[in-house]
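Open the model in a viewer and keep the sequence panel beside it. The tour below goes from one selection to the next and says what is there.

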Amino acid sequence: MKTLILITVLILTGSKSVFAQIDSLVLNCEKISRSDQAIAKHRDFDQDVYEAIFQVNFKKINTIISKNQLANYQSKFTRKQKKTIEAAFWITYTHILGCLPEMIFNPTYIEFMKNAINENKMDRQLLIFPLSAFYYNNSGDAFKPMYPTLDLAFQTALDAWGIDKKDLLYKPK
């Protein structure tokens with residue numbers, strides 16, 4: 001009887017821990033998303049402040065990835081939770097790519113993300129929206145970086161992460 005009670009307590013505390021991790025992840029993503037949206041709406045901030053806020057959120061997301069909290073996120077979260085996670089990720093990455101693409105398109109980060117994808121800590125589908133926004137301009141034409149090294153780094157990242165340019169969301173006619 002004592003063994004049964006002990007096993008029950010262990011199971012309940014273990015599942016409570018899993019729920020606490022999920023709640024913590026969603027709460028963190030809500031905070032990231034709120035701060036990103038607030039700063040994106042107010043362009044009167046100094047550019048350095050604007051970039052610093054996105055960099056902090058970028059580091060938070062990378063910590064989430066490192067802790068393996070995004071593994072199989074499509075199947076272990078509710079629809080609302082998935083939208084919260086996606087919003088935080090997409091807004092932050094889109095703005096980092098717009099302001100400081102070198103934070104993502106560098107050998108160290110490309111390797112970090114490649115390992116996260118290969119170790120199933122990260123769903124590559126989360127990258128499609130921000131990469132699409134980076135690659136295509138508002139008219140739907142493929143974006144041509146000002147300097148060729150960025151174009152090469154972009155293609156290197158796509159190759160390392162197993163993403164083809166054809167997989168990007170916007171499909172010009």
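Start with Leu169, which lies in the segment after α7. This is a predicted model, and the stops below describe that prediction. Add Ser132 to the selection: the two residues are 37 apart in sequence, yet their C-alpha atoms are 5.8 Å apart in space. Residues up to four places away in sequence aside, Leu169 touches Ile128, Phe129 and Ser132.

**Helix α6**

Ser132 leads on to α6, residues 125–135. How many of the eleven residues of α6 are buried? Eight are, so the helix is largely enclosed by the rest of the structure. Select Leu126, Leu127, Ile128, Pro130, Leu131, Ser132, Phe134 and Tyr135 to see these buried residues. The elements that cover them include α3 (73–76), α4, α5 and α7.

Stay on Leu127 for a moment. Beyond its neighbours within four places in sequence, Leu127 is in contact with Phe89, Tyr93, Met113, Ile117, Met122, Trp161 and Ile163.

**The nonpolar core**

Leu127 is also among the residues with the most contacts inside the largest nonpolar core, together with Tyr93, Phe105, Met122, Leu131 and Trp161. This core has 43 residues. Colour the helices α1 (2–41), α2, α4 (79–99), α5 (107–118), α6 and α7 (148–161): each supplies at least two residues of the core. Which helix gives the largest share? That is α4, with seven residues.

**Helix α7**

Select residues 148–161 next, which make up α7. Its 14 residues should span 20 Å at 1.5 Å a residue, and the end C-alpha atoms are 20 Å apart, which agrees. Show the side chains of Leu150, Ala153, Phe154, Ala157, Leu158 and Trp161, the buried residues of α7. They cover an arc of only 135° around the axis, and therefore sit on the same side of the helix. The general background is that an α-helix has 3.6 residues a turn, so residues three or four places apart point the same way.

The buried residues of α7 pack against α5 and α6. Turn the view to the face pointing away from the buried side, where Pro148, Thr149, Leu152 and Asp159 are exposed. Just after the helix comes Gly162, with a positive phi of about 70°.

**Aromatic rings**

Show the rings of Phe105, Phe134 and Phe154. The model has eleven aromatic pairs in total. One of them joins Phe105 and Phe134: the pair is tilted, with 5.2 Å centre to centre and 55° between the planes. Phe105 is in the loop between α4 and α5, while Phe134 is in helix α6, so that the pair links distant parts of the chain, 29 residues apart. Phe105 and Phe134 are both buried.

Phe134 forms a tilted pair with Phe154 as well, at 5.4 Å centre to centre and 45° between the planes. Since Phe134 lies in α6 and Phe154 in α7, this pair ties together parts that are 20 residues apart in sequence. Phe154, like Phe134, is buried.

Now select Phe58, Phe89, Tyr93, Tyr109 and Phe112. Ring pairs link these residues into a cluster.

**Helix α2**

Phe58 belongs to the buried residues of α2, along with Tyr50, Glu51, Phe54, Asn57, Ile61, Asn62, Ile64 and Ile65. These cover an arc of only 150° around the axis, which puts them on the same side of α2. Asp48 and Lys59, on the other side, are exposed.

Then select the whole of α2, residues 47–66. From first C-alpha to last, its 20 residues reach 28 Å, close to the 28 Å expected at 1.5 Å a residue. Asn68, just after α2, takes a positive phi of about 65°.

**The salt bridge**

For the last stop, select Glu119 and Lys121. How many salt bridges does the structure hold? It holds one, and it is here, where the two side chains meet at 3.5 Å, N to O. Is each partner buried or exposed? Lys121, at 23% relative accessibility, counts as partly exposed. Glu119 is also partly exposed, with a relative accessible area of 49%.

Terms used
Residues numbered from 1 in each chain as written. Predicted model: local features only at pLDDT ≥ 70, side-chain atom pairs only at ≥ 80, totals over all residues. Heavy atoms only, no water. Helix = DSSP H or I, 4+ residues; strand = E, 2+ residues; numbered from the N terminus. Expected span 1.5 Å × (residues − 1). Buried < 20%, exposed > 50% of the residue type's maximum accessible area, 1.4 Å probe, protein only. Arc of directions from axis to C-beta. Core = buried A, V, L, I, M, F, W, Y, C linked by side-chain atoms within 4.5 Å. Contact = heavy atoms within 4.5 Å. Salt bridge = Lys/Arg side-chain N within 4 Å of Asp/Glu carboxyl O. Phe/Tyr/Trp six-rings, centres within 6.5 Å; stacked < 30°, edge-to-face > 60°.
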